[in-house]
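I opened my notebook to keep a short record of what I looked up here. The entries follow the order in which I went through them.

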Amino acid sequence: MSRIINGVVVAISLCLAWSCAKKEAAEGQSSPVASDTSVRQGVTTEGSQALYESKCSVCHGSDGTAGIAGAANLQLTSLDTVALRTIIADGKNAMPSFKTSLSKTEIHELVGYIKTLKK
Ligand code: HEC
């Protein structure tokens, strides 16, 4: 009988450990270093560059430094992933909001692309 109980306890704790790990990965914020590398490796695609060129470079320039219409220098941004996502979605002052014209995935890809612009 106690063997069965032991087995159940082990199974439950394994489940808990696994779902915690999954939650952490999904939030991506609990370890900034890990989430940074996943963004760098995962979404630095030609697709996100094309998106950036068509939607963002008019103000920010291809390398992020143009500063047209007072646009922030993206090479110097100190914003984290969440703050970058928020400003792209909601806009700020002269920066337009993109949440109706871009999907969450596209915004996420642009965040990854901005990180590749940083020196
Ligand atoms: C019409 C011009 C314009 C376009 C188009 C534009 N931006 Fe901006 N962006 C701005 C301006 C202006 C700011 C500065 C806002 C402020 O702080 O007042 C800014 C700020 C930002 C910031 C914040 C940087 C920081 O460190 O504060 C990010 C990130 C950003 N833009 C990303 C993007 C992305 C990605 C796109 C394309 C989807 C884009 N922008 C398109 C004008 C623009």
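**Entry 1: polar contacts of the ligand**

How far is an oxygen atom of the ligand from an N or O atom in the side chain of Thr 77? I found 2.5 Å for that pair, and I note at once that the model is a predicted one. Next I turned to the nitrogen side of the ligand. There, a nitrogen atom of the ligand is 2.7 Å from an N or O atom in the side chain of His 60. I then added Lys 92 to the list, with a polar side-chain atom 3.4 Å from an oxygen atom of the ligand.

**Entry 2: the shell around the ligand**

I looked up who else surrounds the ligand. The shell has 23 residues, and those that come nearest are Cys 56, Cys 59, His 60, Thr 77 and Met 95. His 60 and Thr 77 therefore turn up in my notes twice over, here as members of that nearest group and above through their side-chain contacts, His 60 with a nitrogen atom of the ligand and Thr 77 with an oxygen atom.By class, the shell divides into 17 nonpolar, four polar and two charged residues. I also checked which helices take part: α4 (57–60), α5 (81–90) and α6 (104–117) each supply at least two residues of the shell.

**Entry 3: the pocket**

Where does the ligand sit? I find the ligand in the largest pocket. I noted about 490 Å³ of space in that pocket. The lining of the largest pocket counts 25 residues, and His 60, Ala 71, Ala 72, Ile 87 and Met 95 lie nearest its centre. I wrote down the classes of the lining too: 19 nonpolar, four polar and two charged residues. On the helix side, α3 (46–55), α4, α5 and α6 each supply at least two residues of the lining.

**Entry 4: the fold as a whole**

I stepped back to look at the chain. How many helices and strands are there in the protein chain? I count six helices and zero strands. Read from the N terminus on, the elements run α-α-α-α-α-α. I also looked up burial, and found that buried residues make up 26% of the 119 residues in the protein chain.

**Entry 5: Met 95**

I went back to Met 95, one of the residues that come nearest to the ligand. Met 95 is found in the loop between α5 and α6. Is Met 95 buried, exposed or partly exposed? I have Met 95 down as partly exposed, because its relative accessibility is 23%, and the partly exposed class starts where buried, under 20%, ends. I also looked at its separation from Ala 69: the two are 26 residues apart in sequence, with 8.6 Å from C-alpha to C-alpha.

**Entry 6: two positive phi values**

I then looked at backbone angles. Most residues other than glycine have a negative phi. Ala 69 has a positive phi of about 60°, although it is not a glycine. This residue, Ala 69, is in the loop between α4 and α5, and I list Ala 69 as exposed because its relative accessible area is 60%. Asn 93 is my other entry here, with a positive phi near 50° in a residue other than glycine. Asn 93 is placed in the loop between α5 and α6. With 79% relative accessibility, Asn 93 counts as exposed.

**Entry 7: Gln 75 and Gly 112**

Which backbone oxygen lies 3.0 Å from a polar atom of the side chain of Gln 75? I traced that oxygen to Asp 63. Gln 75 itself lies in the loop between α4 and α5. I call Gln 75 buried because its relative accessible area is 16%, and the cut-off for buried is under 20%.

Gly 112 is in helix α6. At 0% relative accessibility, Gly 112 counts as buried. I also noted a pair that is 64 residues apart in sequence: Gly 112 and Ser 48 are 8.2 Å apart in space, C-alpha to C-alpha.

**Entry 8: the end of the chain**

My last stop was Lys 119, in the segment after α6. Is Lys 119 buried or exposed? I find Lys 119 exposed, with a relative accessible area of 84%. Its C-alpha atom is separated by 9.8 Å from that of Leu 74, which is 45 residues away along the chain.

Technical notes. Residues are numbered from 1 along each chain as its sequence is written. This is a predicted model: local features need pLDDT of at least 70, side-chain atom pairs count only at pLDDT 80 or more; totals for chains, interfaces and linings use all residues. Side-chain values use heavy atoms; hydrogens and water are left out. A residue is near a molecule or strand if one of its heavy atoms lies within 4 Å of it. A polar contact is a pair of N or O atoms within 3.5 Å; within protein, one must be able to donate a hydrogen and the other to accept it, and residues adjacent in sequence count only if both atoms are side-chain atoms. On a 1 Å grid over the protein atoms alone, a cavity is a set of points where a 1.4 Å probe fits but cannot get out, and a pocket is an open set with protein on both sides within 12 Å along at least five of seven lines; lining residues have an atom within 4 Å of a point. A molecule sits in a cavity or pocket if more than half of its atoms lie within 2 Å of its grid points. Helices (H or I, at least four residues) and strands (E, at least two) are DSSP runs, numbered from the N terminus. Ala, Val, Leu, Ile, Met, Phe, Trp, Tyr, Cys and Pro count as nonpolar, Asp, Glu, Lys and Arg as charged, and the others, Gly among them, as polar. Grid points are joined across faces, edges and corners, and a volume is the space filled by probe spheres set on the points. Buried means under 20% relative accessible area, exposed over 50%, partly exposed in between (1.4 Å probe, protein chains only).
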